[in-house]
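Visitor: I should like to go through this model with you and ask, at each step, on what grounds its descriptions rest. Could we begin with the terms for the elements?

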Amino acid sequence: MEVESRKRKRRGGRGKNHKKFQNKAAASSEPLTPKKQSNPDKTSESSLSKPNNKSSNFLDKMKARLTGGHFRMINEKLYTCTGNEALKYFRENPSLFNLYHTGYQEQMSHWPELPVNVIIRWLKDHSPALVVADFGCGDARLAKSVKNKVYSIDLVSSDPSVIACDMSKTPLDSSSVDVAVFCLSLMGTNFPSYVQEAHRVLKPSGWLLIAEVKSRFDPNTGGADPNKFSKAICGLGFTSVSKDFSNKMFIMLYFKKKDKRQSDAKDIEWPELKPCLYKRR
Ligand code: SAH
């Protein structure tokens, strides 16, 4: 992806999860980038507890590298296994989820715009009565930012409101939601089954919103043909409403559920979606 071509940089920006992770996890839980010391009290506190600033900065950098390496490893795993395998992977070691999201937030802090914010704006422009399912919600930022009833779904429940499951099999009732959201979450090799599950839980005329990394849809660099992808989605029983390719980092696709399914889901030709691998910064 475009992120890959950037020079390695160390910057300070980070997301919400960073602090939580620092508190919860153990030795490998240092941030990806060392935090700027703007608070004089903090500076004196750290100089009291650490032998010397130079060596602690070096240690911080080393730990950040390790964390970044772990993030890229987990990220690659999620893009190359099925949702069920990913669920087992995190169940066996739940702390990897926090590690993943620390790295994810760090990567996102370099994006000029976050796709989740585009979706939040879209929801705010529509009725707050719409019931939403956020497939692959991460830190459930979407649910926290809108008035709508939101079912937040992810492999691990980082918040009591999050339903922990593989999103190809959610506990949601059929025809129970108005908007299904996939924001950078079509990761598993069985991603078509996630969209199929969204189709099941959506009411007729319900919305399907997909935000995905742009490079995954660039046929010039091995990405999928967006038209082929869109056609496959429509084959499940959706109508394409609009597409937005204007953002440098991600694409936005908007669909509506049809009253009737068009063809047998087995006959649909899905393009492969290549993994989004992040390079070291
Ligand atoms: N939508 C959030 C998080 C994106 S990261 C945002 O835009 O900020 C992708 C998320 O999808 C991760 O939290 C990952 O755990 C989740 N995910 C990937 N495969 C999943 C699956 N099979 N079932 C549930 N969640 C999944």
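Guide: Helices and strands here are DSSP runs, numbered from the N terminus, with at least four residues for a helix and at least two for a strand. The model itself is a predicted one, and the protein in it has nine helices and seven strands. In these terms, Ala140 lies in the loop between β1 (132-135) and α7 (141-145).

Visitor: Why is Ala140 called buried?

Guide: Buried means under 20% relative accessible area, and Ala140, at 1% relative accessibility, therefore counts as buried. Its phi is near 60°, a positive value in a residue other than glycine.

Visitor: What makes a positive phi worth pointing out?

Guide: Most residues other than glycine have a negative phi. Leu184 is a further case, with a phi near 55°, and this residue lies in the loop between β4 and α8 (191-201). At 7% relative accessibility, Leu184 is under the 20% limit and so counts as buried.

Visitor: What makes Ser152 a buried residue, and which residues does it touch?

Guide: Ser152, which lies in strand β2 (residues 150-154), has 1% relative accessibility, and because buried means under 20%, it counts as buried. Leaving aside neighbours within four places in sequence, Ser152 is in contact with Asp134, Cys137, Ala140, Ala143, Ser161, Val162 and Ile163. The C-alpha atoms of Ser152 and Ala164, 12 residues apart along the chain, are separated by 8.7 Å.

Visitor: Why is Asn75 called buried, and where does it lie?

Guide: Asn75 is placed in helix α3 (residues 53-80), and its relative accessibility of 1% is under 20%, so the term buried applies. Residues up to four places away in sequence not being counted, Asn75 touches Tyr100, Met187, Cys276, Leu277 and Tyr278.

Visitor: How do you know that α3 meets α4, and which residues are involved?

Guide: Contact means heavy atoms within 4.5 Å, and on that basis Met73, Ile74, Lys77 and Leu78 in α3 meet Ala86, Tyr89 and Phe90 in α4. By class, this contact of α3 with α4 has six nonpolar, no polar and one charged residues. The two helices, α3 and α4, pack at an angle of about 145°, with their axes 9 Å apart.

Visitor: What does Phe90 touch, and which residues have the most contacts inside the largest nonpolar core?

Guide: Phe90 touches Ile74, Leu78, Leu96, Phe97, Leu155 and Val156, not counting residues up to four places away in sequence. The largest nonpolar core has 45 residues, and those with the most contacts inside it are Phe90, Ile119 and Val179. Among the elements that give two or more residues to this core are α3, α4 (83-92), α5 (95-108), β4 (177-183) and β7 (250-257).

Visitor: Why is this core said to lie between two domains?

Guide: Domain 1 (57-108) and domain 2 (113-257) both give residues to the core, and therefore it lies between them. Apart from it lies another core, of 33 residues, among them Val131, Phe191, Val195 and Ile268.

Visitor: How many of the protein's residues are buried, as a percentage?

Guide: Of the 281 residues in the protein, buried ones make up 48%. The accessible surface comes to about 14,100 Å², of which 51% belongs to carbon and sulfur atoms. Among contacts between residues at least 6 apart in sequence, 68% join residues at least 24 apart.

Note on methods
Residues numbered from 1 in each chain as written. Predicted model: local features only at pLDDT ≥ 70, side-chain atom pairs only at ≥ 80, totals over all residues. Heavy atoms only, no water. Buried < 20%, exposed > 50% of the residue type's maximum accessible area, 1.4 Å probe, protein only. Core = buried A, V, L, I, M, F, W, Y, C linked by side-chain atoms within 4.5 Å. Domains from an automatic or database assignment. Areas by Shrake-Rupley, 256 points an atom, 1.4 Å probe, with all protein chains shown as cover. Axes fitted to C-alpha atoms, helices over the stretch in contact; angles between N-to-C directions. Nonpolar A, V, L, I, M, F, W, Y, C, P; charged D, E, K, R; others polar.
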